Amino acid sequence: MVASKFQPTYARQAYPCFDEPDFKATYDVTLWKPVTYVALSNMNEISKTHDDESNMDIVTFATSVPMSTYLTCFVVCDFDNKEVQIDSGEVGSKFTLRSYAQKHELHRINFAQDIGKRATEYYIRYYEVPFPLPKLDMIAIPDYVSGATEHWGLVTYRETSFLIDEDSSSATNKMNVANTICHELAHMWFGNLVTMKWWDDVWLNEGFATYMQVKALDNIEPSWKMLDQFLTKTLHPVLVTDARLSSHPIVQTVATPDQITAIFDGISYSKGASILRMLEGFTGPENFRLGVSDYLKKYKYGNTVTIDLLSCLDPYFKQLYPDLNITYVMDTWTRQMGYPVINVKLGDEPNSYFITQSRFLYDPDAVYANDSKFNYRWYVPITYTTTNGVHEQLLWLSDTAENIKIKLNDDEKWLKVNNNQTGYYRVNYALSMWQTLIEQLKSKNNQITAADRSQLLDDVFALAEARTVPYHLALNLTSYLLVENDLLPWETATFIYGNLKSKLLNSLAYYNLQKYFQRLILPIYVKQNWSAQDLPVIDSLLRTQILTLAVRVELPDAEERVKSLFLSWLQKKDTPEEITIHQDLRDMVYFYGMKSSSPADWDRLFQIYLKEDDVQEKLKLRKALSAPRDTTILRKFLILAWDETNIRSQDYLTVLMQISANPSGTALVWDDVRSRWPQLVDRFTLNSRYLGNVIPSITSTFNTDLKYKEMEAFFTQYPDAGAGESSRQRALENVRNNIRWNTYNLPGVASWLQANHRA
Ligand SMILES: [Zn+2]
């Protein structure tokens, strides 16, 4: 088969064009194809003739609507499809959604087809704009460079982003597929119908689609609670990236193809989405929807800049805040990098508080030029909750205000700022206020929501790392986890644990960290079971989360179970006594089961991997192949992985990162990447942002001057980083932070763990 992918700057290699997003044009496409094949493009087929001389079919498609070059797409394949009607309700007419996959994969497209139908119908209702094309196709492509691409009317997916086997796919597999589909389909309007003028504003496309995917899923699969998971999957990770000097403003000038592809990053996607969520938070969901709908209607088939979206939201915003300027408010978030920490201090009278802001950076000693016209201050929406519940009145802390004051009633015992972390900022409190919040968390009456508990955990550890609060305060807060029963805070706790683990791995404190987390997790661990029984989706995710963490902290019972479960599965696989591991547990059982595997176990798993035809199952098996502690096995895997018959090109860099994430494999991969860099560049090109991202991933745990010098030497040897330039800066800053962490924080953390690892 052949399939194209031009985004962002490759259409020029297929046909002569002004290959920039605001040169929209109509397209008349004709494709020649072998008789038994299918030809697809953005529009519907209008005629097919046969050329006797070449014995080829000539397929002609309808003239397209005006669209950007990067959205054009051509596919010729021998795949099969299923089709379903899309009901546009009052908004437009019915049309057909077709889902394509390789013939032997056809039974695995029902899930994607169903999500695709319901998401498309949701967007038609939400935007109140008809689907702009006469048909919509989605296709799973066997080796695809991205996760998926929003080609208008012909959305292309990696097979793992599309195919679901109902018998073996996990809840996480389904959520990932559904998220990708909802993301791409959101673009059919936002991005495709209305497109950014230039790539500077790519966040308009990507931030919006990233937020809409969550809103769509919250509507069509409410039991998944995707809006809650937005915190741990999208907001918290980008709050890490954006608190470093190597970050960049959401709206950023880009000129070269390398700069353009590099800006498809966490800031555009995740910060963009988080800022829009905040905007929706203070504008109101229905007002936000109306503004977006007006915007799509006003600019359809056109191009826009950020201010055009804000102008459409402004009339609704003005109803609530007549004295504020929406563009000014949002510019403080989109035109300077970073974000604030909101400081809550005791006020000048009983139960009153002063609220101030300052820039949050992980490095408190960072020296930076004041190159922002907003002086690294923000226009901050302040919301808060107390003993008496959520205070409905929203307060504004402007960029120029010194502070604002909150006065509570006498019976309000505690104050928690930033409800459900809708605001893109962190919050710090006076020490006595933190103590009160910790007591409140321990009382487990759930007056503080799961999202807020997750935020408190995430914030306090970030503040400790930045030396804004003492580490013992952050560690004290974790003691409430003994009574925590919800998924979201445990996801955050797992993130915190992983971070501490990587920093303590080679220190004596590591043992105490393991013991301490064993103690924290035990009460919830004993409530879980290892059986193959199905659970409601959130309960099942919680079970996987807890059992995985239990194995990681080396809880003896969990370690034994995972090992015996894995070995009996491996031994009985493909025999009549074959045992079933619940699909939501397979990922972790395979991975942790392989940790102490023998070379023979590994060979057996590798054969199972090669034979497996379910792409989601293959994903789990492949990850497990990178798990062994035995470096000899990892070295063998690294060599085998280069061969495309073992590992597809689309997956090779992921395999590299997975092996390097294994402490036994980090040095191996670092040496390998440095010695074979020219080969990697040859295969993936310097214009690949995925190749660039390999560097921060491999070096993420480096924490010595020696390693830092190795990185510098490597970058000096290969000065042209292509699209990976900002990744290199990010990697260096991260390692500097790690080195500093050892100096300032290691002793305090080690002594706290020494004192508290036993009950
Ligand atoms: Zn996108």
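Aromatic rings of Phe, Tyr and Trp, the last taken by its six-membered ring, are regarded as a pair if their centres lie within 6.5 Å. In the predicted model examined here, Trp 333, Tyr 339, Phe 360, Tyr 362, Tyr 368, Tyr 376, Trp 378 and Tyr 424 form one aromatic cluster. By the rule for pairs, the count comes to 56 aromatic pairs.

One of these pairs joins two members of the cluster, Trp 333 and Tyr 424. The ring centres of Trp 333 and Tyr 424 are 6.3 Å apart and the planes stand at 80°, so the arrangement is edge-to-face. Trp 333 belongs to helix H9 (residues 326-334), whereas Tyr 424 is placed in the loop between strand E19 (415-417) and strand E20 (426-429); the pair therefore ties together parts that are 91 residues apart in sequence. Both residues are withdrawn from the surface by the criterion of accessibility: Trp 333 counts as buried at 0% relative accessibility, and Tyr 424 is likewise buried, with a relative accessible area of 1%.

A second edge-to-face pair is made by Trp 670 and Phe 702, because their ring centres are 5.6 Å apart and their planes are at 75°. This pair, too, links distant parts of the chain, 32 residues apart: Trp 670 is located in helix H22 (residues 666-675), and Phe 702 in the loop between helix H24 (689-698) and helix H25 (705-717). Trp 670 and Phe 702 are both buried.

Aromatic rings also face charged side chains. The charged end of Arg 359 sits over the ring of Tyr 376, at 4.0 Å from the ring centre; Tyr 376 is itself one of the residues of the aromatic cluster. In another case, Arg 676 lies over the face of Trp 642, 4.3 Å from the centre of the ring.

Attention then turned to the metal site. The unreviewed UniProt entry lists His 183, His 187 and Glu 206 under "binding site". These residues span 24 residues in sequence, yet no two of their C-alpha atoms are more than 8.6 Å apart, so they gather at one spot. In the model, the protein donors of the zinc ion are His 183 (NE2), His 187 (NE2) and Glu 206 (OE), which lie 2.0 to 2.1 Å from the ion. Along the chain, the donors follow the spacing H-x3-H-x18-E. Two of them link distant parts of the chain, His 187 in helix H2 and Glu 206 in helix H3 being 19 residues apart.

His 187 lies in helix H2 (residues 171-187) and counts as buried at 0% relative accessibility. Beyond its neighbours within four places in sequence, His 187 is in contact with Glu 150, Asn 192, Leu 193, Asn 205, Glu 206 and Ala 209. Glu 206, found in helix H3 (residues 202-220), is also buried, with a relative accessible area of 1%. With the same exclusion of neighbours within four places in sequence, contacts of Glu 206 include Gln 7, Glu 150, His 183, His 187, Phe 264, Ser 268 and Tyr 269.

A further buried position was examined in helix H18 (residues 599-611), where Leu 605 is found. Leu 605 has a relative accessible area of 0% and is therefore buried. Not counting residues up to four places away in sequence, Leu 605 touches Phe 566, Trp 569, Leu 570, Met 594, Leu 621, Ala 624 and Leu 625. The C-alpha atoms of Leu 605 and Tyr 590 are 9.2 Å apart in space, with a separation of 15 residues in sequence.

Technical notes:
Residues numbered from 1 in each chain as written. Predicted model: local features only at pLDDT ≥ 70, side-chain atom pairs only at ≥ 80, totals over all residues. Heavy atoms only, no water. Phe/Tyr/Trp six-rings, centres within 6.5 Å; stacked < 30°, edge-to-face > 60°. Helix = DSSP H or I, 4+ residues; strand = E, 2+ residues; numbered from the N terminus. Buried < 20%, exposed > 50% of the residue type's maximum accessible area, 1.4 Å probe, protein only. Lys NZ or Arg CZ within 6 Å of the ring centre and 35° of its normal. UniProt positions renumbered as here; feature names shortened; annotations may be inferred. Contact = heavy atoms within 4.5 Å. Donors = N, O, S within 2.8 Å, 3.2 Å for Na, K, Ca; no water.
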